[in-house]
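Student: I have a model open and want to work through it. Can we take strands and salt bridges in turn?

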Amino acid sequence: MDEQDLREEIIRITRIITSQGLARSSDGNISVRLAPDRFLVTPSGLYKMSMSPDDLVIVDAEGCLVAGKAGRRPTGELALHLEAYRQRPDIGAVLHAHPPYTTALTIVELPFPTDYMPEVMVLLGRVPTAPYARPLTPALATSIRELIRTHDNILLSHHGTISVARTLQQALIALERMEAVAYTYYLARGLGEPVPLPQTELEGLAALGRQIS
């Protein structure tokens, strides 16, 4: 995609996330890689459903503003995005959202339920939780530094999720899957004690996931 296509794609994905309740109001943020040292990023404090392609800003690898409409500045979580790009030269997009059921797991200190549905291990794999770090501070970026090297999806304790992928749509798909899994697990816990799949089956599913990734 060229830059204009990427601007329109960010707006499309933002509206999908907002309409599904995976982020609300001005919450959440998105970035895509334009070049090795240039990134297109959602702006800070703007109501997501009113955002247009020309509201997006361009920053460099140090987080300095390169281009943007007057009055627009990059998301306050920019350091989180740049840390992901530094650790993962293979990715082209970063998506930070606030999915309610997934976030709720971290509030009650439950791990992401990887072991209960076969599609989770095949399509998502293990989804770790980063230690709590205050939003809008460098500590949030530091909290994912080690985990993002080997995981595409991470829960941010008390603060949502981050998903990385080659494309923004792939990151959205992972986000939707995480929230669907968290919701199903929530329902299961209301019915009784969830029963995990056998360890041998989990190992086989993990191997299948590596084959198709």
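**Strand S5 and its contacts**

Tutor: This is a predicted model. Start with S5, which is covered on both faces: Ala93, Leu95 and Ala97 are buried on one side, Val94 and His96 on the other.

Student: How many of the five residues of strand S5 are buried?

Tutor: Side chains in a regular strand alternate between the two faces of the sheet. In S5, each of those faces is covered. The strand spans residues 93–97 and is largely enclosed by the rest of the structure, because the buried count is five of five.

Student: Which residue in S5 stands opposite asparagine 29?

Tutor: Strand S1 covers residues 29–35. It pairs with S5 in the antiparallel sense, over four bridges. Opposite asparagine 29 stands histidine 96.

Student: Which residue in S8 stands opposite alanine 93?

Tutor: S8 covers residues 160–165 and runs antiparallel to S5. Five bridges join the two strands. Opposite alanine 93 stands alanine 165.

Student: Now the salt bridges. Is aspartate 55 buried or exposed?

Tutor: Aspartate 55 forms a salt bridge with lysine 69, with the closest N and O atoms 2.9 Å apart. This pair links distant parts of the chain, 14 residues apart: lysine 69 is in the loop between S4 and H2, aspartate 55 in the loop between S2 and S3. Lysine 69 is partly exposed at 35% relative accessibility. Aspartate 55 has 3%, and the cut-off is under 20%, so aspartate 55 counts as buried.

Student: What is the relative accessible area of arginine 88?

Tutor: Arginine 88 forms a salt bridge with aspartate 152, the closest N and O atoms being 2.8 Å apart. The two lie 64 residues apart, aspartate 152 in the loop between H5 and S7, arginine 88 in the loop between H2 and S5. Aspartate 152 is partly exposed at 36%. Arginine 88 is buried, and its relative accessible area is 10%.

Student: How many residues apart in sequence are arginine 126 and aspartate 115?

Tutor: Their side chains meet in a salt bridge at 2.5 Å, N to O. Arginine 126 lies in the loop between H4 and S6, and aspartate 115 in the loop between H3 and H4, so the pair ties together parts whose separation is eleven residues.

Student: Which residues do salt bridges with shared partners join into one network?

Tutor: The structure holds twelve salt bridges. One of them pairs lysine 69 with aspartate 55. The network joins Asp54, Asp55, Lys69 and Arg72.

Key: Residues numbered from 1 in each chain as written. Predicted model: local features only at pLDDT ≥ 70, side-chain atom pairs only at ≥ 80, totals over all residues. Heavy atoms only, no water. Buried < 20%, exposed > 50% of the residue type's maximum accessible area, 1.4 Å probe, protein only. Pairing = 2+ DSSP bridges. Salt bridge = Lys/Arg side-chain N within 4 Å of Asp/Glu carboxyl O.
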